[in-house]
Amino acid sequence: MKLTTGNFNEIMKSEEKALVVLAAFNKGGDGKKELESFQKVAKAWRRGGRDFSRPVWFVHVEGDKWAGWLKQAYGYVLSTRKDLD
């Protein structure tokens, strides 16, 4: 699922205390490919992941849009393709 301002509290402050696997992707071709891979992992987890006492949710955000929050909340700075070259 995609994290948005509209569903932030429902996901990140859920009463279910879900374990959130959070991924951030930049726009563009590379980001789209990475998102597709992330979605495959999430689907595979649903088919055969470990049992936890809480639900596990795979959630992604638009890296460009959420960069400030990711840095503030987790100290995470998104890399760009230029950073990797």
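**Figure 1. Residues lining the second largest pocket of the predicted model.** In this predicted model, the lining of the second largest pocket is formed by Lys2, Phe25, Asn26, Lys27, Gly28, Gly31, Lys32, Leu35, His60, Val61 and Glu62. The volume of this pocket is about 170 Å³. Two elements, α2 (29-48) and β2 (56-62), each contribute at least two residues to the lining of the second largest pocket.

**Figure 2. Histidine 60 in strand β2.** Histidine 60, which is part of strand β2, is also one of the residues that line the second largest pocket. Is histidine 60 buried or exposed? Histidine 60 counts as buried because its relative accessibility is 12%, and the limit for a buried residue is under 20%.

**Figure 3. Contacts of histidine 60.** Which residues are in contact with histidine 60, when neighbours within four places in sequence are left aside? They are Met1, Lys2, Leu3, Ala23, Phe25, Leu35 and Phe38. Among these contacts of histidine 60 are Lys2, Phe25 and Leu35, and Lys2, Phe25 and Leu35 also appear in the lining of the second largest pocket. Histidine 60 and alanine 24 are 36 residues apart along the chain, with a separation of 5.5 Å between their C-alpha atoms.

**Figure 4. Elements and extent of the chain.** The chain contains 4 helices and 2 strands. Read from the N terminus, these elements follow the order α-β-α-β-α-α. Along the principal axes, the C-alpha atoms occupy a box of roughly 40 × 25 × 20 Å. Of the contacts between residues at least 6 apart in sequence, 70% join residues at least 24 apart; the pair of histidine 60 and phenylalanine 38 is one of the contacts in the chain.

**Figure 5. Surface and charged side chains.** Of the 85 residues of the chain, 26% count as buried, and histidine 60 is one residue that counts as buried. The accessible surface of the chain amounts to about 6,500 Å², with 49% of this area belonging to carbon and sulfur atoms. The chain carries 16 positive and 11 negative side chains. The centres of these two sets of side chains lie 1 Å apart.

Definitions and conventions: Residues numbered from 1 in each chain as written. Predicted model: local features only at pLDDT ≥ 70, side-chain atom pairs only at ≥ 80, totals over all residues. Heavy atoms only, no water. Buried < 20%, exposed > 50% of the residue type's maximum accessible area, 1.4 Å probe, protein only. Contact = heavy atoms within 4.5 Å. Areas by Shrake-Rupley, 256 points an atom, 1.4 Å probe, with all protein chains shown as cover. Lys, Arg positive; Asp, Glu negative; His and termini not counted. Charge placed at Lys NZ, Arg CZ, Asp CG, Glu CD. 1 Å grid on protein atoms, 1.4 Å probe; cavity = no way out; pocket = protein on both sides within 12 Å on 5 of 7 lines; lining within 4 Å. Points joined across faces, edges and corners; volume = space filled by probe spheres on them.
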